[in-house]
Amino acid sequence: MKVPQHVAIILDGNGRWAKAKGMPRNYGHTVGAKNVETVCQAADELGVKYLTLYAFSTENWNRPKNEVDALMKLLESYLKNCIRTADKNHMRVRVIGEIDRLTPEFQKKIEDLEKASAGNTGLNLTIAINYGSRDEILRAMKHMMADIREGKLTEDEVDEKIFSSYLDTGDLPDPDLLIRTSGEQRLSNYLLWQLAYSEFYFTDVPWPDFHKKELELAIEAYNNRDRRFGGLKEE
């Protein structure tokens, strides 16, 4: 079975999963956060090299304040504990998104985690926090325009490869497979540029119940796709 090099996942369904069990939405987020390590381990065992997870979008700030506050605390706690997990599993962990909106303490946890795991050679885990693809593309464009004004780049040099290097994912390969859990079938402003040639897999299974078997089913479906680029079948 051919394993995709890079898998991107939209983690959806935590709140609905909790509600179905008669529990508050924040309980679902807590269980969902714990499931990240389970899926990271499964991805590593299956041979996935890059895993990118959509943890908090730019639109998530519009949720009720108590839920946003709980999510921020949960993410901060996860990143703090992730230093130990990354060391144990040899993972390199990075965060993408507009982190300037996060608290200084949160930003410091991101810096510490990225620095501590930079030399690890196992699974490359990327976590999208306060991330929105349109925001990412606008930031990339403004940065690129500034470099053109300053003479670091010429307009004639700009192509897809150059533009991609200005994105948050500039040093990552594009995803081969996009998975969204819990039944929704939309991208929700996630990796719009990077997913141009990715295969999409949608499952009704909510994120807290998405384990190794579900990842294997997604990869099996990926293998059954007739992947073509410009009319040519991928070999």
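These legends go with several close-up views of a predicted model. Local features here need pLDDT of at least 70 and side-chain atom pairs count only at pLDDT 80 or more, while totals for chains, interfaces and linings use all residues. Residues are numbered from 1 along each chain as its sequence is written, and side-chain values use heavy atoms, with hydrogens and water left out.

**View 1. Helices α2 and α3 pack together.** Two packed helices are described by the angle between their axes and the distance between the axes. Here, helix α2 (residues 25-46) meets helix α3 (residues 65-89) at an angle of about 15 degrees, and their axes are 10 Å apart. That makes α2 roughly parallel to α3 (under 35 degrees; over 145 is roughly antiparallel, 65 to 115 roughly perpendicular, and the rest oblique). The crossing of this pair, α2 and α3, is right-handed (the near helix is turned clockwise from the far one by less than a right angle; anticlockwise would be left-handed). A helix is a DSSP run of H or I with at least four residues, a strand is a run of E with at least two, and both are numbered from the N terminus. Axes are lines fitted to C-alpha atoms, for helices over the stretch in contact, and angles run from 0 to 180 degrees between N-to-C directions.

**View 2. Helix α2 also packs with helix α7.** For α2 and α7 (residues 212-223), the angle is about 45 degrees and the axes are 9 Å apart. That makes α2 oblique to α7. Their crossing is right-handed.

**View 3. Now for α3 and α4.** The two axes come within 9 Å and cross at roughly 20 degrees. So α3 counts as roughly parallel to α4. This time the crossing is left-handed.

**View 4. K115 and E111 form a salt bridge in helix α4.** Side chains of opposite charge can pair when their charged atoms come close. The cut-off for a salt bridge is a side-chain nitrogen of Lys or Arg within 4 Å of a carboxyl oxygen of Asp or Glu. In this pair the closest N and O atoms are 3.8 Å apart. K115 and E111 are four residues apart in helix α4 (residues 104-117), so about one helical turn separates them. K115 is exposed at 60% relative accessible area, and E111 is partly exposed at 40% (buried is under 20%, exposed over 50%, partly exposed in between, with a 1.4 Å probe and protein chains only).

**View 5. D168 reaches R139 in another salt bridge.** Their closest N and O atoms are 2.8 Å apart. The pair links distant parts of the chain, 29 residues apart: D168 sits in the loop between α6 (160-165) and β5 (177-180), and R139 in helix α5. D168 is partly exposed, at 22% relative accessibility, and R139 is partly exposed with a relative accessible area of 22%.

**View 6. More salt bridges to spot.** K152 and E150 meet at 3.2 Å, N to O, and both residues are exposed. Elsewhere, D12, R16, R180, E184 and R186 are linked in a network of salt bridges. The count for the model comes to 18 salt bridges.

**View 7. L138, M141 and M145 make a nonpolar surface patch.** The patch covers about 260 Å². M145 lies in helix α5 (residues 133-149) and is partly exposed, with a relative accessible area of 39%. Patch residues have over 30% relative accessible area and no salt bridge; nonpolar side chains (Val, Leu, Ile, Met, Phe, Trp, Tyr) are joined within 5 Å, and like charges within 9 Å. Accessible areas come from the Shrake-Rupley method with a 1.4 Å probe, and for residues only the protein chains shown count as cover.
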